[in-house]
Amino acid sequence: MWPSENSASRPLYDRALRVMVAGTTRHIPWQDPFPRFAASCRGMYVTDVDGADVLDLVMNNAALIHGHASPPVMEAVQAQLWRGTACTLPFEVEVSLAELLCERVPSLEKIRLCNSGTEAVMLAIKAARAYTNRPKIVKVEGIYHGMYDYAEVSLDPKPDNWGNDPGRIGYSRGVPQGVLDDVIIVPWNQPEALRRILRDEAASVAAILLDPVSGGTGFTPPTPEFLDAVHEAAHEIGALVIYDEVLCFRLGYHGAQGRFGDRRPDLTVLAKIIGGGFPVGAIGGRSDVMEAVFEHRRGKPLLPASGTFTANPISMTAGLVTMQMLDEASYDKLDRIGDTARAIMRDALARAGVPGQVTGIGSLLAVHLHDRPIHDYRSAFASPTEAASLRALQLAMLKRGVLMAVRGVAYLPTVMADADFERLELAVRGALADMAQHA
Ligand SMILES: Cc1ncc(COP(=O)(O)O)c(C=O)c1O
């Protein structure tokens, strides 16, 4: 059984180590002492290579809103596989998914598909630059928007370098100074700071990039004042507002933007659930902006954009069926599932007498092992000791057959049921007891 040395995952990890740095190609599955390899996935569960079941609360980093191998999605994908997996000519299903998304989200007047959230954020930033002919973007401190250099600036500042006003800190080594110069960092939910920080560079700002609900802020929702300030400031300075709803689109039938009022971003970025478990991304928004940058019938567009697997019929089919299954009632269900899981986690922390809190909204949940009030990136930031305790909790839960992300985050799907909550409750109580014993 994982994580013992005789687990069938161990030789797989050894093979992986020979050909992949640290035995993995992405951080998400990394797990001390070595990754737990999957044999198959179904519904809420992953069966590992030892034959043990794991309740999966991560769902491939929030990409699977109906759990693994959802039968209607699998049936539709199976049928599509023999009709074509990728083709130079477009399939009807691309149009159908685009129609569904535009019908549900009023700000999406035109939409364009791509292959990942990273790519969609990159396209949105480039679109804003192309439309405004300005170089800079504004983003919020500590927020993940994928791997584009500009989107990564100040993703993980620490107390020793974050400064008074948020600084511009490169994420990977060697980020060109020019990239840092073109990204302005603001704190979350502080309208006054936003206005003040923007003042000097307003004329060169192409866009304000915003994730309405992000793990980086402990899923703290935006205040209406902050959203108003973002939209007003962008309007005043002639910049665009981009919402990154790659993760938080799952918060409402009309997206997170529908849940937090009726302000319309100029551009919205989507990914994850709209691909139904297959790679996808999308950028959409105002017709005039989309047409100005992407229209190619009169010659080279302001923003040339393409991709070999863009709008491939497998991702489109899985995404369409997934989104069709996600009717208005599903969002109430997701809220109830999130409330139940958060209550279980809170209760377990309280019973164990462990200082901590559980934040989140809808189907998003985050555990923090400190009780400082959380309202932005800095207040959500875990000290090295707190981060180590969180990793220990996550590991102890995984040993008891429940998978949360290493940072104590969960993304819950529509198929979570009573037996799964019971399993979660047993695992978290047991894990906290294990930790108390070893403290
Ligand atoms: C808010 C947000 N933006 C962008 C991305 C990047 O998406 P992808 O992993 O599909 O490139 C993510 C991924 O977790 C995300 O959560």
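**Ligand shell and cavity**

Me: How many cavities of 30 Å³ or more does a search of the whole structure find?
Reply: This is a predicted model. The whole structure was searched for cavities of 30 Å³ or more. The count is 1.

Me: What is the volume of the largest cavity, and which residues line it?
Reply: The largest cavity has a volume of about 40 Å³. Its lining is made up of Pro212, Leu227, Tyr243, Ala256, Gln257, Phe260 and Arg263.

Me: How does the lining of the largest cavity divide into nonpolar, polar and charged residues?
Reply: Tyr counts as nonpolar here, as do Pro, Leu, Ala and Phe. Gln257 and Arg263 are also among the lining residues. The division is 5 nonpolar, 1 polar and 1 charged.

Me: Which residues surround the ligand?
Reply: Gly117, Asp244 and Lys272 are among them. The others are Asn61, Ser116, Thr118, Tyr144, His145, Gly146, Asp211, Val246 and Leu247.

Me: How do the residues of the shell around the ligand divide?
Reply: Gly counts as polar in this scheme. The shell includes Gly117 and Gly146. The division is 3 nonpolar, 6 polar and 3 charged.

Me: Which residue has a polar side-chain atom 2.7 Å from a nitrogen atom of the ligand?
Reply: Lys272 also places a polar side-chain atom 2.7 Å away, but from an oxygen atom of the ligand. The partner of the nitrogen atom is Asp244.

Me: What polar backbone atom lies 2.8 Å from an oxygen atom of the ligand, and in which residue?
Reply: The contact distance is 2.8 Å, and the ligand side is an oxygen atom. The backbone atom belongs to Gly117.

Me: What share of the ligand's accessible area does the protein cover?
Reply: On its own, the ligand has 390 Å² of accessible area. The protein covers 82%.

Terms used: Residues are numbered from 1 along each chain as its sequence is written. This is a predicted model: local features need pLDDT of at least 70, side-chain atom pairs count only at pLDDT 80 or more; totals for chains, interfaces and linings use all residues. Side-chain values use heavy atoms; hydrogens and water are left out. A residue is near a molecule or strand if one of its heavy atoms lies within 4 Å of it. A polar contact is a pair of N or O atoms within 3.5 Å; within protein, one must be able to donate a hydrogen and the other to accept it, and residues adjacent in sequence count only if both atoms are side-chain atoms. Accessible areas come from the Shrake-Rupley method with a 1.4 Å probe; for residues, only the protein chains shown count as cover. On a 1 Å grid over the protein atoms alone, a cavity is a set of points where a 1.4 Å probe fits but cannot get out, and a pocket is an open set with protein on both sides within 12 Å along at least five of seven lines; lining residues have an atom within 4 Å of a point. Grid points are joined across faces, edges and corners, and a volume is the space filled by probe spheres set on the points.
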